Amino acid sequence: MFTRRFGRSWGRFLAGTIFLVCLLVPLRSLTTGQNSTQHDPIVPNAETMITKGRQIFRFDTFGDEAFWGGQLRLNEAIASGLSPRTALSLGLKVDVDALPDQLVQKLRKGDVDLSSPATTLSLLRLNAVVGLTGFFDSSGSQLTSIGIQCALCHSTVNDSLLPGIGSRLDGWANHDLNIGAIAALSPNLQPVADVLGVDVPTVRRVLNSWGPGKFDAELFLDGKAFNPQQVSHGVVTGKNVPGATMIPNAFGLAGFNQHTWTGAWGTVSYWNALVANLEMHGKGTFFDPRLNDAAQFPVAARNGFGNLRTPPDDDRITSKLPALHFFQLAIPAPKPTPGVDFDADSAMRGDVLFGGKAGCIKCHVEPLWTEPGWNLHKPDEIGIDSFEADRAPDHTYKTQNLAAVFVQERGLFMQASHKGRFYHDGRFPTLLDVVNHYNIQFNLGLSVREKLDLVEYLKSL
Ligand code: HEC
Ligand code: HEC
């Protein structure tokens with residue numbers, strides 16, 4: 001009896017051990033990192049996606065040169081009259097890492113003619129103008145077309161060589177860029193006038209109304225160029241204000257649902273597809289039947305923007321969306337330095353106010369600084385007019401992510417006159433103006449010192 005029982009349990013023990021060993025051996029080889037590419041395709045895939053996505057974000061025109069060059073003939077205006085000095089004053093940036101050493105030395109010594117359009121062409125030939133690609137004839141002398149990239153609006157440089165000339169900062173909004181004034185240089189704005197159903201002088205006037213750091217993506221959906229009445233906390237703060245919005249940063253976008261100032265369009269990848277097709281005029285495919293609503297989106301409905309089709313072999317956008325999405329989510333927000341970008345003691349007091357008396361954390365949830373879930377609000381919840389909200393499907397504003405607002409408040413790598421400008425239309429010049437707005441709107445009863453502490457805290461995010 002005893003032997004039998006012993007024998008049976010010994011047998012069971014052996015069988016169990018063999019089973020465990022069989023189970024553990026493959027598991028172990030998966031986690032040791034040996035042959036990790038063979039067994040774990042995820043990390044190498046992430047690296048490939050980021051590298052590809054960055055290349056697309058920086059350099060891909062999606063075939064939009066057929067629009068900017070082919071139709072608007074912007075290349076002609078650049079070739080005949082855009083000096084580097086004017087280009088820099090319009091907010092175009094030069095990537096110093098694309099320049100040969102000799103040219104860098106000359107620029108440093110001031111030996112380069114910045115008043116000659118020929119110098120602009122040389123920079124384009126070097127692929128050194130951030131967000132613009134020049135297309136040249138076979139001799140390399142004639143600029144035959146020009147295309148634009150995501151980086152034009154969503155990257156700047158760190159001014160390491162000269163103001164406007166430095167290393168790329170992917171994802172940092174270019175708040176110097178006057179894209180309206182640049183587009184208005186085009187000799188042929190008729191195609192834009194046709195889309196909008198207005199005359200060319202009107203198009204030019206609207207483009208020139210935007211100013212630096214702003215672009216109006218919704219203009220090409222609803223044709224509304226001006227906000228008749230800008231209202232903040234019950235006070236009229238402007239009439240017929242240009243409808244263009246601040247170019248947002250394209251960093252710190254991971255982990256929350258709605259994007260763009262109004263939200264309700266979709267995720268980052270929805271917006272990437274919309275922008276590449278409808279704003280940059282690349283060659284691709286785009287579907288959103290909400291744009292067939294002629295009451296809210298007359299321009300989009302008339303032009304069939306809700307259903308754009310390109311045969312797969314000619315589609316230059318769709319295949320790039322996965323890597324572009326992946327790269328965008330991987331761009332971290334820059335981190336502020338205590339003592340340089342903000343006062344640490346004051347920020348600590350502000351932290352308590354943000355989560356307490358001021359109630360900011362209800363919407364700007366730490367550490368996403370927007371709500372996990374459905375991060376949208378009706379205009380009266382934040383005490384402003386509904387003009388921009390009404391230009392999006394849900395008539396809402398998205399709780400803006402506050403990561404790295406210190407960049408804008410301090411005006412890092414931008415002209416001093418372009419710093420600050422918060423909320424979608426830049427109506428609040430400084431963070432203190434934003435805090436004053438909430439103080440009135442929500443009856444917070446903040447003292448002057450508390451307001452300043454809150455501002456220091458915002459700069460620490
Ligand atoms: C001409 C300037 C311009 C170009 C080019 C441009 N964008 Fe934007 N981008 C904007 C503006 C302005 C907004 C805000 C739009 C709004 O809220 O209505 C925006 C919004 C975004 C957002 C949402 C950010 C947030 O805070 O939620 C993302 C993501 C984005 N763009 C990615 C891209 C990508 C990717 C490309 C290239 C395919 C691109 N953009 C090209 C100007 C531009
Ligand atoms: C009811 C939700 C809500 C509350 C509460 C709230 N915010 Fe906001 N916040 C928003 C929304 C929505 C926006 C975007 C407004 C727009 O699109 O113009 C915003 C924008 C901002 C911005 C501008 C960001 C930028 O990039 O322009 C700052 C700064 C800010 N909030 C700080 C605060 C502070 C400080 C408090 C507390 C005193 C606070 N918010 C309370 C919803 C809220």
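**Two ligand shells, a helix and a hairpin**

Me: Which helix gives the most to the shell around ligand 1?
Reply: This is a predicted model. Three helices, α9 (151–154), α14 (268–279) and α16 (321–330), each supply at least two residues of this shell. The one that gives the most supplies five residues, and that helix is α14.

Me: How many residues surround ligand 1, and which are the closest?
Reply: The shell around ligand 1 has 18 nonpolar, seven polar and one charged residues. In total 26 residues surround the ligand, and the closest are C150, C153, H259, T260 and W261.

Me: Where does ligand 1 lie with respect to domain 1 and domain 2?
Reply: Domain 1 covers 73–209 and domain 2 covers 249–327. Both give residues to the shell around ligand 1, so the ligand lies between domain 1 and domain 2.

Me: Which element supplies the largest share of the shell around ligand 2?
Reply: Of the 25 residues around ligand 2, C360, C363, F422, Y423 and H424 come nearest. Elements that give two or more residues to this shell are α18 (379–382), β14 (397–398), α20 (431–441) and α21 (448–459). The largest share is four residues, and it comes from α20.

Me: How many residues in the shell around ligand 2 are charged?
Reply: The shell around ligand 2 is divided here by residue class. Nonpolar residues number 16 and polar ones six, while the charged ones number three.

Me: Why are the buried residues of α8 on the same side of the helix?
Reply: In α8 (residues 117–125) the buried residues include T120, L121, L123 and L124. An α-helix has 3.6 residues a turn, so residues three or four places apart point the same way. These four buried residues are on the same side of α8 because they cover an arc of only 160° around the axis.

Me: What covers the buried residues of α8?
Reply: The cover includes both helices and strands. Among the helices are α5 (74–81) and α6 (84–89). Among the strands are β1 (94–95), β2 (132–136) and β3 (143–148).

Me: Which residue with a positive phi follows α8?
Reply: The backbone just after α8 has a phi near 60°. The residue with this positive value is N127.

Me: Which residue in the hairpin of β8 and β9 takes a positive phi?
Reply: Strand β8 (residues 226–232) and strand β9 (residues 235–242) run antiparallel and are joined by six bridges. F226 stands opposite P242 in β9. The hairpin has two residues between the strands, and the residue that takes a positive phi, near 35°, is H233.

Conventions:
Residues numbered from 1 in each chain as written. Chains lettered and ligands numbered in written order. Predicted model: local features only at pLDDT ≥ 70, side-chain atom pairs only at ≥ 80, totals over all residues. Near = placed C-beta within 6 Å. Nonpolar A, V, L, I, M, F, W, Y, C, P; charged D, E, K, R; others polar. Domains from an automatic or database assignment. Pairing = 2+ DSSP bridges. Buried ≥ 20, exposed ≤ 12 C-beta atoms within 10 Å, placed from the backbone. Arc of directions from axis to C-beta. Contact = placed C-beta atoms within 7 Å.
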